[in-house]
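Trainee: I should like to learn how a protein model is read, from its overall fold down to single residues. May we work through one together?

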Amino acid sequence: MSILNVIDNKYRDLWGMYDLQKNLKKNNIDLFFCNKFNWNLAIKYINPSIIILPHIRDDSPHFKKIVNLAYEKKIKIICYPSESLDYRKSYLENEFPSNIVNKIDKIFMWTVEQGKYIEDKNKEKIVVTGTTRFKNDNTADHKGKIKTIGVTSSGRYLAPL
């Protein structure tokens, strides 16, 4: 089985995905990644059983096209939001519009509160998974003394204007 994960922002969406990819591989599931601009070619090349999208916003025609094509091809669709914990009604209704939620199979949410405005008929699609971005790693040895503290950056946000 193959899964295609469409990446909207590589700086935000790829956190924790290496571990997920490695664990899926143990179960003979291949996890592929593609940029949001190459989704159509990736679907043709990979022929995935499942597509994971970082959002399905009402104001994002790019992702609406992906949902509609996958729905037509009977490819399962999972929305796994990659950003924000904004719980305002206006935000969440835009984030999970009912006309698009009707076409997807599952919504992996960071918290229960994210799904509070989804229509009752689609509540069974919600799975609270948390996020790979804030994973708690208990296997690391934290007994050593920290000698240097630094900030690693690509310069994208810290560079002067």
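Mentor: The questions below go from the whole chain to single residues and then to a pocket, and the model is a predicted one.

Trainee: How many helices and how many strands does the protein chain have?

Mentor: From the N terminus on, the elements run β-α-α-β-α-β-α-β-α-α-β-β. Counting each kind in the protein chain gives six helices and six strands.

Trainee: What share of the contacts in the protein chain with a separation of 6 or more comes from residues 24 or more positions apart?

Mentor: One such pair of residues is Asp30 and Ile3, which are 27 residues apart along the chain. Among the contacts in the protein chain with a separation of 6 or more, the share of residues 24 or more positions apart is 68%.

Trainee: What percentage of the residues of the protein chain count as buried?

Mentor: A residue counts as buried when its relative accessible area is under 20%. The accessible surface of the protein chain comes to about 10800 Å², and carbon and sulfur atoms hold 53% of that surface. Of the 161 residues, those that count as buried make up 38%.

Trainee: Is Asn28 buried or exposed?

Mentor: Asn28 lies in the loop between α2 (17-26) and β2 (30-35). Its phi is near 60°, a positive value in a residue other than glycine. Most residues other than glycine have a negative phi. Because its relative accessibility is 64%, Asn28 counts as exposed.

Trainee: In which loop is Lys74 found?

Mentor: Lys74 also has a phi near 60°, a positive value in a residue other than glycine. At 76% relative accessibility, Lys74 counts as exposed. The loop that holds Lys74 is the one between α4 (61-72) and β4 (76-79).

Trainee: Why does Asp8 count as buried?

Mentor: Asp8 is found in the loop between β1 (2-7) and α1 (10-13). Not counting residues up to four places away in sequence, Asp8 touches Asp13, Lys36, Pro54, His55 and Phe63. The cut-off for buried is a relative accessible area under 20%. Asp8 is therefore buried, for its relative accessible area is 17%.

Trainee: With the side chain of which residue does the side chain of Asp8 make a polar contact of 2.8 Å?

Mentor: The side chains of Asp8 and His55 are joined by a polar contact of 3.5 Å. The polar contact of 2.8 Å joins the side chain of Asp8 to that of Lys36.

Trainee: The side chain of which residue is joined to that of Arg88 by a polar contact of 2.5 Å?

Mentor: Arg88 lies in the loop between β4 and α5 (89-95). Its C-alpha atom is separated by 9.4 Å from that of Gln114, a residue 26 places away along the chain. The side-chain partner of Arg88 in the polar contact of 2.5 Å is Asp86.

Trainee: What separates the C-alpha atoms of Asp30 and Ile3 in space?

Mentor: Asp30 lies in strand β2, and with a relative accessible area of 27% it is partly exposed. Leaving out residues up to four places away in sequence, Asp30 touches Met1, Ser2, Ile3 and Lys25. Although Asp30 and Ile3 are 27 residues apart along the chain, their C-alpha atoms are separated by 6.1 Å.

Trainee: Which element gives the largest share of the lining of the second largest pocket?

Mentor: The second largest pocket has a volume of about 170 Å³. Two or more lining residues come from each of the elements β1, α2 and β3 (50-53). The largest share, three residues, comes from α2.

Trainee: How many residues of that lining are charged?

Mentor: The lining includes Ile3, Met17, Leu20, Ile50 and Phe108. It divides into nine nonpolar residues and two polar ones, and the number of charged residues is none.

Trainee: How far apart in space are the C-alpha atoms of Ile50 and Ala70?

Mentor: Ile50, one of the lining residues, has its place in strand β3 and counts as buried at 14% relative accessibility. Not counting residues up to four places away in sequence, Ile50 touches several residues, among them Met1, Leu4, Ile75 and Ile78. Ile50 and Ala70 are 20 residues apart in sequence, and the distance between their C-alpha atoms is 8.7 Å.

How values were computed: Residues numbered from 1 in each chain as written. Predicted model: local features only at pLDDT ≥ 70, side-chain atom pairs only at ≥ 80, totals over all residues. Heavy atoms only, no water. Helix = DSSP H or I, 4+ residues; strand = E, 2+ residues; numbered from the N terminus. Buried < 20%, exposed > 50% of the residue type's maximum accessible area, 1.4 Å probe, protein only. Contact = heavy atoms within 4.5 Å. Areas by Shrake-Rupley, 256 points an atom, 1.4 Å probe, with all protein chains shown as cover. Polar contact = N/O pair within 3.5 Å; in protein donor to acceptor, adjacent residues only side chain to side chain. 1 Å grid on protein atoms, 1.4 Å probe; cavity = no way out; pocket = protein on both sides within 12 Å on 5 of 7 lines; lining within 4 Å. Points joined across faces, edges and corners; volume = space filled by probe spheres on them. Nonpolar A, V, L, I, M, F, W, Y, C, P; charged D, E, K, R; others polar.
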